[in-house]
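Take a moment to turn the model around before reading on. The notes below start from one spot inside the protein and work outwards.

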Amino acid sequence: MRVLSGVQPSGRLHIGNYFGAIRQFVRLQDEHDCYYFLADLHALTTVHDAEAMRENTRHLAAGFLALGIDPGRAVVYRQSDVPEVTELAWYLSTVTGMGLLQRCHSYKDKTAQGIVPSHGLFAYPVLMAADILIVDAELVPVGKDQKQHLEVTRDVAQAFHTTYGEEVFTLPDPLILEEVAVVPGVDGRKMSKSYGNTIEIFGPEKAIRKRIMSIVTDSTPVEEPKPRDGSALYALLRLFAPEGDREWIERAFDEGGTGYGEMKKRLFAYFLETFGAARARYEELMADPAELDGILERGAARAREAVAPLMDRVRRAVGIA
Ligand code: ADP
Ligand code: TRP
């Protein structure tokens, strides 16, 4: 199956991004024909600082590769290196109803957070539809928050088909893993850059330890049983723990006798076990910009070759070729 997904270089990768998205990307590349890209044009809707854009993009590229996305098996590229995407976004925007975009939660949520309500932010789902439709993606692994954007993508594709009387696009389905649909942050809300409650994957070890030790917990005394429901610490331990340690965690919560501090130390140890190798690889990649650039260039060339036949059909369908 053809799989596609993207992540915006709008900040530092955190464990919500990993469990909610990147881990699935890595698993899927064994069996499917995968396209993974850095959504830098999307990030421009919120990042208006050129140096930060460059840094975030480099960080995300190194992070993708360090976490196991393999450019030998998947096509890995930067959105802006495939200009056909923005070309397609324009054709799509001419058949996308205003009402469809006005219903999108993400626009409302972002403007409510104080992000400038620009045309780009409003048109964001159309660009996302272009990302997906341009490679004939059938399956799009994403977090729950992106579900509506997949619905919009299908609606936009159908609007194009109705307008031009020709079925040029494949209608994609989202792939959302329910058990990790929402990874909690250190304050118990959804882990998100915009809440400042993340645990970064590639940050300095000391800072990560401090962050993990700051996870909010209630005031249950050490010796008493602790509630699992609604506990961010419990949810995070469950995400990280190897199969054989699951029982330990359940017992620690249900029987009492284990303090939250001890549990947090265990979580930090799991963090290092899970990401230690990736963190080392990340440092190597960040130290070799030429290697990263080469990988992205080759990825873009493969992506452009793959999208060419569809773009020909689209240009003919709309009457500019
Ligand atoms: P953020 O909310 O920190 O800005 P992004 O929106 O850039 O994160 O998310 C990138 C990818 O990671 C998306 O596929 C998104 O659904 C997933 N993701 C982000 N945060 C979480 C989370 N807390 N739980 C599960 N998945 C998440
Ligand atoms: N909107 C996605 C996010 O914020 C990123 C993204 C852009 C994307 N284009 C995409 C995801 C295409 C999947 C498919 O996480």
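Start with Ile-215. Setting aside neighbours within four places in sequence, Ile-215 is in contact with Val-186, Ile-199, Ala-232, Leu-233, Leu-236, Lys-264 and Leu-267. Keep in mind that this is a predicted model.

Ile-215 also belongs to something bigger: the largest nonpolar core, which has 58 residues. Ile-215 is listed there among the residues with the most contacts inside the core, along with Ile-15, Tyr-36, Phe-64, Leu-67 and Ile-199. Which helix gives this core its largest share? That would be H12, with ten residues. The core also draws at least three residues from each of domain 1 (2–182 + 289–318) and domain 2 (203–283). There's a second, separate core too, made of 45 residues, and Leu-4, Val-95, Ile-132 and Val-307 are included in it. As background, nonpolar side chains tend to be buried together in soluble globular proteins.

Now for helix H11, which covers residues 246–255. Which of its residues are buried? Trp-248, Ile-249, Ala-252 and Phe-253 are. Looking down the axis of H11, those buried residues fall within an arc of 125 degrees, so they line one face of the helix. On the other side of H11, Glu-247 and Glu-255 are exposed. And what covers the buried residues? The cover includes helix H10 (232–240) and helix H12 (260–286), and H12 is the helix you just met as the supplier of ten residues to the largest core. Just after H11 comes Gly-256, which takes a positive phi of about 80 degrees.

Stepping back, the protein has 13 helices and five strands. Here are some whole-protein values:

| Property of the protein | Value |
|---|---|
| Box filled by the C-alpha atoms, along the principal axes | roughly 75 × 45 × 40 Å |
| Residues that count as buried, of 321 residues | 50% |
| Exposed area | about 14800 Å² |
| Part of the exposed area supplied by carbon and sulfur atoms | 50% |

How does the radius of gyration fit in? With 321 residues, a compact globule would have a radius of gyration near 20 Å, and the protein has 21 Å, which agrees. There's also a lot to say about how the chain meets itself. Take the contacts between residues at least 6 apart in sequence: 78% of them join residues at least 24 apart.

Note on methods. Residues are numbered from 1 along each chain as its sequence is written. Chains are lettered from A and ligands numbered from 1 in the order in which they are written. This is a predicted model: local features need pLDDT of at least 70, side-chain atom pairs count only at pLDDT 80 or more; totals for chains, interfaces and linings use all residues. Side-chain values use heavy atoms; hydrogens and water are left out. Buried means under 20% relative accessible area, exposed over 50%, partly exposed in between (1.4 Å probe, protein chains only). Helices (H or I, at least four residues) and strands (E, at least two) are DSSP runs, numbered from the N terminus. The arc is that of the directions from the helix axis to the C-beta atoms. Contact means heavy atoms within 4.5 Å. A nonpolar core is a set of buried Ala, Val, Leu, Ile, Met, Phe, Trp, Tyr and Cys residues joined through side-chain atoms within 4.5 Å. Domain bounds come from an automatic or database domain assignment. The radius of gyration is taken over C-alpha atoms; the globule rule is 2.2 Å times the number of residues to the power 0.38. Accessible areas come from the Shrake-Rupley method with a 1.4 Å probe; for residues, only the protein chains shown count as cover.
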